Amino acid sequence: MPALVNYAGDDDFYVGGSFYTNSRDLGRLCSISSQVDVYCPPRKRARITAPFLFGETELEQNKQPSINVLPDECLFEIFKRLSGGKERSSCACVSKHWLMLLTGIRKSEFESSKVVKENIGSVSDDVEMISSDEGDGYLTRSLEGKKATDMRLAAIAVGTSGHGGLGKLSIRGSSSSCGVTNLGLSAIARGCPSLKVLSLWNVPRVGDEGLSEIAKECHLLEKLDLCQCPSITNKGLTAIAENCPNLTALSIESCPKIGNEGLQAIGKLCPKLQSISIKDCPLVGDNGVSSLFSSASSVLSKVKLQGLNITDFSLAVIGHYGKSVTNLMLGGLRNVSEKGFWVMGNAKGLQKLVSLMITSCWGVTDVSLEAMGKGCSNLKQMSLRRCCFVSDDGLVAFAKFAGSLEGLQLEECNKITQSGIIGVLSNCGLKSLALVKCMGIKDISLEAPLSSPCSSLKSLSVRNCAGFGTSSLAMVGKLCPQLQHVDLSGLYGITDAGLLPLLESSEAGLVKVNLSDCINLTDEVVLALARLHGGTLELLNLDGCRRITDASLVAVADSCIFLSDLDVSRCAITDVGVSALSHAEQLNLQVLSFSGCSGVSNKSIPFLKRLGKTLLGLNLQHCNSINNRTVELLVESLWRCDILF
């Protein structure tokens, strides 16, 4: 804030003379910090006035006229007639008192430049007039932590009004003692009617009064995000619904006083609402969710409901009225049973649903999952996380009916086995499959013959599945010959013998390969990868593969002509490997990581400089054999590369 705005004393001017013996220092009185949106024009040299006038008594001197003797009402009228944003910003620099007076004036209450000219005909022709398009609302401001105060919001309200108008405002992590209150939000409301996006996170002192002011003045509001706002109730949300008909997106999280009444108002009065997200709001129940869908269902396309006390009734309403919903996320709905998900699927209303994500919902079973597959015929992306009652039978049945399914993610679904995965790959044209921490998958050889290959699968991600080993990889290699992206991170059990068949069976050419923390892999795998897929490989992650040595980098340098991202962190790499990479004429690496490679020393600096001609990112963290001074010289040389050390 300006030095004078932060002044804690009274606001009276000193009339006996200059504060400073040097007149040039007077300009510092209104210096402006870079974080404040108050405009301060260049000032002329201050005129030094005499400390007293000859022939006058001390009493007469004390009676000199001062603008500070004017009551606030007069100052208010004067400020209303300021011709533009620059003049208002200059006045805001004078004192906190003037700043707060300016924030009390609505933007619509300022006189236009034309009116000012008519009222004061003697005004100079040099007065700068502000055009009428100063409030388009394309400026963005964000306040976090200790910087989020009422005074800063007041400065933003005054400063942005003459420079395009405020369009987006984000306030996060306000201090509980001197943070943002209703006063600061009211200042924004009066000074920034162009506001379209407002995000309030962890602002306990902002309540219905502040939000109601926003609703009353900012009729162009389109997006509202409320997170951890314990003082905001249904009253504030209802005010938004009544005054902001252009609202298209609403997100409410951890607001304990917002419930059904506020959502009912939003559903009835916001016909343009397209996205709604409600999480961990204990007062939100079936009445709020059902009325929201039945009223605003015509354009509502993105829905997220998590940690709410809703029942089967809400899901039945979603299944019936959610005819425009394309993205649906349901999580932690402990009161929704199998019947709720079954009815949602059989209601046949989710025909436009493209993406469905369900997390920690006990009502998802084999029966309900099959019903959702039947009712969501256009579903392309499906994610099941921690759905412990789903087994192979339900997954295969779902895949049969969801004919448009392209992507499937299963996380901590421990009743899923190899049989379920093979059934899914055999019954639908999947393009992407992700398995995370699915402990039901065991590395066993199946006696039954494998189905026909799944030629559509391009991306396979198997992360931290302890039972996924050599036999499982061999199965995947035979079933999925067109793989391009492979992520096997965290699979401690796989070996060279298990991975080599997959590499050899891939016909399309691998593009991205992530083998991080596959601790049993050796150079043999990388040599085969470079030989078989060097003409297509663009990304290779070997982080934590401690048996990988310089021989792998030599193979990469010789064969991988399109490789742009290479991570060999915590591998047995030395200066020899770095040298091999630097002498590869066809290699154009952009991201390179040697983090934790103690064998890389100061001797590699010339090689890194040579690689730096194309590098945008270089990670040398925990490379203990490289000293700080050497890195400093490298930073100076590779000025366009982001170096971590």
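User: Which residue stands opposite S275 in β7?

Analyst: In this predicted model, the residue of β7 that stands opposite S275 is K302.

User: What makes strands β6 and β7 a pair?

Analyst: A pair requires at least two bridges between the strands. Strand β6, residues 275-279, and strand β7, residues 302-306, have five bridges, so the requirement of at least two is met. Their pairing is in the parallel sense.

User: How do you know that β7 also pairs with β8?

Analyst: The test is again at least two bridges. Five bridges in the parallel sense link β7 to strand β8, which covers residues 327-331. The two strands therefore count as paired. Within β8, M329 is the residue opposite K304. Between these strands the chain passes through helix α12, residues 312-321, and the resulting β-α-β crossover is right-handed.

User: Why is the crossover from β7 to β8 called right-handed?

Analyst: The word applies if, with the strands pointing away from the viewer, the path from the first strand over the helix to the second runs clockwise. The path from β7 through α12 to β8 is classed as right-handed, which means that it runs clockwise in that view.

User: Why are helices α18 and α19 called roughly parallel?

Analyst: The axes of α18, residues 496-505, and α19, residues 523-533, cross at roughly 5°. Angles under 35 degrees count as roughly parallel, so the two helices are described in that way. Their axes also come within 10 Å.

User: Which residues of the two helices meet, and of what classes are they?

Analyst: On the α18 side, D496, L499, L500, L503 and E504 take part. They meet E524, V525, A528, L529, L532 and H533 of α19. By class, this contact comprises seven nonpolar, one polar and three charged residues.

User: What makes the phi of Q228 worth a remark?

Analyst: Q228 has a positive phi of about 55° although it is not a glycine. The residue lies in the loop between β4 (223-227) and α9 (234-243).

User: Why is Q228 called partly exposed?

Analyst: Its relative accessible area is 39%. Buried means under 20% and exposed means over 50%, so Q228, at 39%, is partly exposed.

User: How is K348 described by phi, location and accessibility?

Analyst: K348 is not a glycine either, and its phi is positive, at about 65°. The loop between α13 (338-346) and β9 (355-359) holds this residue. Its relative accessibility is 43%, and because exposed begins over 50% and buried lies under 20%, K348 counts as partly exposed.

User: How many helices and strands does the chain have, and what share of its residues is buried?

Analyst: The chain has 23 helices and 20 strands. Of its 645 residues, 51% count as buried.

Key: Residues numbered from 1 in each chain as written. Predicted model: local features only at pLDDT ≥ 70, side-chain atom pairs only at ≥ 80, totals over all residues. Heavy atoms only, no water. Helix = DSSP H or I, 4+ residues; strand = E, 2+ residues; numbered from the N terminus. Axes fitted to C-alpha atoms, helices over the stretch in contact; angles between N-to-C directions. Parallel < 35°, antiparallel > 145°, perpendicular 65-115°, else oblique. Contact = heavy atoms within 4.5 Å. Nonpolar A, V, L, I, M, F, W, Y, C, P; charged D, E, K, R; others polar. Buried < 20%, exposed > 50% of the residue type's maximum accessible area, 1.4 Å probe, protein only.
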